[in-house]
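Me: Could you take a close look at the metal site in this one for me? I'd like to know what holds the metal, and then how the parts around it and further along the chain are packed.

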Amino acid sequence: MDLFLGIVAFILGALIGSFLNVCIWRIPEGKSIVFPASHCPKCGKSIRPFDNIPVVSWLALRGRCRDCGEPISPRYPLVEMLTALLSLVLFWKYGLSLQYLAAFLFAAALVVITFIDFDHQIIPDVISLPGIPVFFLLAVFVMGIGFFDALIGLIIGGGFLYLVAVGYELIAKREGMGGGDIKLLAMIGAFLGWKSLFFVVFMSSILGALVGIVLIMIKGKDMKYAVPFGPFLSIAAVMYLFVGSELTHLLLYRSFS
Ligand SMILES: [Zn+2]
């Protein structure tokens, strides 16, 4: 990988991460993600351009607003760093190509969904609903996923979780899986193709169960404590982007040949 282009991909990722922070905070409140410019939530002073450099400014200001000293959540540099790393690793995998841009857009949407679901236990329709057709088209025309591969992924992704949710409601008499998870898995299936769904459902269930067990051990929460499932679906989908196709190939075709 060209070192210079790698650094560019990293910095681009950090800048986009800064914008994703805005999306994460404002989308659940139904606010515009464009206006007004970033400002301190406590004193309302706008953030100076030189204080708005991803990660660097937060470190330089030691996590506090320059005007009023109010602590600024470490989540800001965390999201910027995470997005920068995702951009770098995807660039390393796909090189300077449309595939890199499409995969990065997909990962960026999942970052926003993950943190919003984590905070509010909702997956905003404004991302997942347009995400289904957009990522379906990107899968077919950019990523080289077959038309039916992506279409079946979309349908199974949406349908499978829908059936699980209906079944769970019948048995447990209360709502389990949210409608947001269903639309998210439809979006994931459309972009990664139907074969990805084995890995994504399996891996997200394991991750969710592990975190659930740890939470119960630490906090003594009872089993009904709802851990949002969107972050695990998102993490599993990103894992699939990197290693999943090789893994699925190994598992599916080894066992049937
Ligand atoms: Zn302030």
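Reply: Here's a walk through the metal site, followed by the loop around it and then some of the helices.

A word on ground rules: this is a predicted model, where local features need pLDDT of at least 70 and side-chain atom pairs count only at pLDDT 80 or more, while totals for chains, interfaces and linings use all residues. Residues are numbered from 1 along each chain as its sequence is written, and side-chain values use heavy atoms, with hydrogens and water left out.

On confidence, pLDDT is the predictor's own score for each residue, from 0 to 100. The chain averages 88, and 91% of the residues score at least 70. Among the elements of the chain, α4 has the highest mean pLDDT (96) and helix α9 (residues 230-256) the lowest (80). Helices here are DSSP runs of H or I with at least four residues, numbered from the N terminus.

Now the metal. The zinc ion is coordinated by the SG atoms of Cys40, Cys43, Cys65 and Cys68, at 2.3 to 2.4 Å. To count as a donor, an N, O or S atom has to be within 2.8 Å of the metal (3.2 Å for Na, K and Ca); water is not among the atoms, so sites may look incomplete. Angles among the 4 donor atoms of the zinc ion run from 106 to 113°, and the site is tetrahedral. That label asks for four donors with all angles between 85 and 135 degrees. For reference, the ideal angle for four tetrahedral donors is 109.5 degrees.

Along the sequence, the donor residues of the zinc ion follow the pattern C-x2-C-x21-C-x2-C. Cys43 sits in the loop between α1 (3-26) and α2 (56-60), and Cys68 in the loop between α2 and α3 (75-94), so the pair ties together parts that are 25 residues apart in sequence. Cys43 is partly exposed, at 34% relative accessible area, and Cys68 is partly exposed too, at 31%. The cut-offs are under 20% for buried and over 50% for exposed, with partly exposed in between (1.4 Å probe, protein chains only).

Stay in the loop between α2 and α3 for a moment, where you'll also find Ile72. Ile72 is partly exposed, with 25% relative accessibility. Setting aside neighbours within four places in sequence, Ile72 is in contact with Trp58, Gly63, Arg64 and Cys65, and Cys65 is one of the zinc donors. Contact here means heavy atoms within 4.5 Å. Arg62 belongs to the loop between α2 and α3 as well. Arg62 is exposed, at 72% relative accessibility, and its phi is near 50°, a positive value in a residue other than glycine. As background, most residues other than glycine have a negative phi.

Next, α1. Its end C-alpha atoms are 35 Å apart, which agrees with the 34 Å that its 24 residues should span at 1.5 Å a residue. The expected span is 1.5 Å times one less than the number of residues. The buried residues of α1 pack against α3 and α4; among them are Gly13, Leu20, Val22 and Ile24. Ile24 is a good one to click on: it is buried, with a relative accessible area of 1%. Ile24 touches Arg75, Val79, Val111, Val112, Phe115, Ile116 and Asp119, not counting residues up to four places away in sequence. Ile24 and Val112 are 88 residues apart in sequence, yet their C-alpha atoms are 5.5 Å apart in space.

Further along comes helix α5 (residues 125-141), whose 17 residues reach 24 Å from first C-alpha to last, close to the 24 Å expected. α5 bends by about 40° at Gly131, and Pro133 follows within four residues. A bend is the angle between axes fitted to the seven residues ending at a position and the seven starting there. Gly131 is itself one of the buried residues of α5, which also include Ile127, Phe135 and Phe136. What covers the buried residues of α5 includes α4 (98-120), α6 (147-172) and α7 (179-192).

Last stop, α7, which holds Leu185. Leu185 is buried, at 1% relative accessibility. Apart from residues up to four places away in sequence, Leu185 touches Gly157, Leu161, Leu197, Val200, Val201 and Leu233. Gly157 and Leu161 are also among the buried residues of α6.

Methods:
Four donors count as tetrahedral if all angles lie between 85 and 135 degrees; four count as square planar and six as octahedral if opposite donors are over 155 degrees apart and all others between 65 and 115; anything else is irregular. Helices (H or I, at least four residues) and strands (E, at least two) are DSSP runs, numbered from the N terminus.
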